[in-house]
Amino acid sequence: MGALYSRSEEETERLGERLGKLLRPGDVVAFTGGLGMGKTCFVRGMARGMGLDVPVYSPTFSLVNEYRGEKALYHFDMYRIGDLDDLYSTGFFDYLDTDAVLAVEWSENIAGALPEHTITVAFARDGDEARTITVKGDGRFADFGD
């Protein structure tokens, strides 16, 4: 897969929308990248691509936000998760048994607990506003960077 480039929040949301249209029930999307990289903007676009007309905001304080419509999207923030006990307290493993899409910010904090089929979205800074976004997953995303 090729790298994607974004120079604004709007572009990041549009890329998320493209990915959202490809997602299936049960998919787990793991995000990596520092603070302010655009992960929540990307999830906002994913929700729109999944047909969800809901406000999407960072789950930093709630740990998980649930967005529902014809499909469901569960949006996690694992920034404050330090160990497996913390992860269990979020109910994360119960969410894996649903047919919802899971979006997991700060997934590097729970890398060992992510399912084998996890789709990864990595953000890297290319200046103040520009980002390189790399998506890795199964064959559905082979042309995603084009």
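A residue counts as buried when its relative accessible area is under 20%. Keep that cut-off at hand for this tour of a predicted model.

**Stop one: W106**

Select W106, which sits in the loop between β5 and β6. Is W106 buried or exposed? Its relative accessibility is 13%, so W106 counts as buried. Now show the residues around it: leaving aside those up to four places away in sequence, W106 touches F31, G33, G34, L35, K39, D77, M78 and Y79. For a sense of distance, add A130 to your selection. W106 and A130 are 24 residues apart in sequence, and their C-alpha atoms are 20 Å apart in space.

**Stop two: the sheet**

Next, colour the strands. Seven of them form an open sheet with mixed pairing, in the order β1-β7-β6-β2-β5-β4-β3. Which strands are at the edges? They are β1 and β3 (residues 64-68), each of which pairs on one side only. If you look along the sheet, neighbouring strands are turned against each other by 20° on average, with direction ignored.

Strands of a sheet pair through backbone hydrogen bonds, and the pairing can be parallel or antiparallel. You can find both kinds here. For a parallel pair, select β2 (residues 28-32) and β5 (residues 101-105), which are joined by three bridges. Within this pair, A30 stands opposite V104 of β5. For an antiparallel pair, select β1 (residues 3-6) and β7 (residues 131-136), which are joined by four bridges.

**Stop three: β1 and its partner**

Stay with β1 and turn on its side chains. In a regular strand the side chains alternate between the two faces of the sheet. On β1, L4 and S6 make up the covered face, while A3 and Y5 are on the uncovered one.

Which residue of β7 is the bridge partner of Y5? It is T132. Select T132 and check its surroundings: at 14% relative accessibility, T132 counts as buried. Not counting residues up to four places away in sequence, T132 touches A3, L4, Y5, A122, F123, A124 and D126.

**Stop four: helix α1**

Now bring in helix α1 (residues 9-22). This helix lies across β1, β2, β6 (residues 119-125) and β7, and runs at about 140° to β1.

**Stop five: where α1 meets α2**

Add helix α2 (residues 39-49), whose axis is 6 Å from that of α1, with the two helices packed at an angle of about 45°. That angle makes α1 oblique to α2, and their crossing is right-handed. To see the contact, show E9, T12, E13, R14, L15, G16, E17, L19, G20 and K21 on α1, together with C41, F42, R44, G45, M46, R48 and G49 on α2. Colour this contact by class and you will find five nonpolar, five polar and seven charged residues.

**Last stop: the surroundings of α2**

How many of the eleven residues of α2 are buried? Nine are, so α2 is largely enclosed by the rest of the structure. The buried ones to highlight are K39, T40, C41, F42, V43, G45, M46, A47 and G49. Show what they pack against and you will see α1 along with β2, β4 (residues 72-77), β5, β6 and β7. K39 also takes you back to the start of the tour, being one of the residues that W106 touches. To finish, step past the helix: α2 is followed by G51, which has a positive phi, near 85°.

Definitions and conventions:
Residues are numbered from 1 along each chain as its sequence is written. This is a predicted model: local features need pLDDT of at least 70, side-chain atom pairs count only at pLDDT 80 or more; totals for chains, interfaces and linings use all residues. Side-chain values use heavy atoms; hydrogens and water are left out. Axes are lines fitted to C-alpha atoms, for helices over the stretch in contact, and angles run from 0 to 180 degrees between N-to-C directions. Angles under 35 degrees count as roughly parallel, over 145 as roughly antiparallel, 65 to 115 as roughly perpendicular and the rest as oblique. A crossing is left-handed if the near helix is turned anticlockwise from the far one by less than a right angle, and right-handed if clockwise. Contact means heavy atoms within 4.5 Å. Ala, Val, Leu, Ile, Met, Phe, Trp, Tyr, Cys and Pro count as nonpolar, Asp, Glu, Lys and Arg as charged, and the others, Gly among them, as polar. Buried means under 20% relative accessible area, exposed over 50%, partly exposed in between (1.4 Å probe, protein chains only). Two strands pair if DSSP finds at least two bridges between them.
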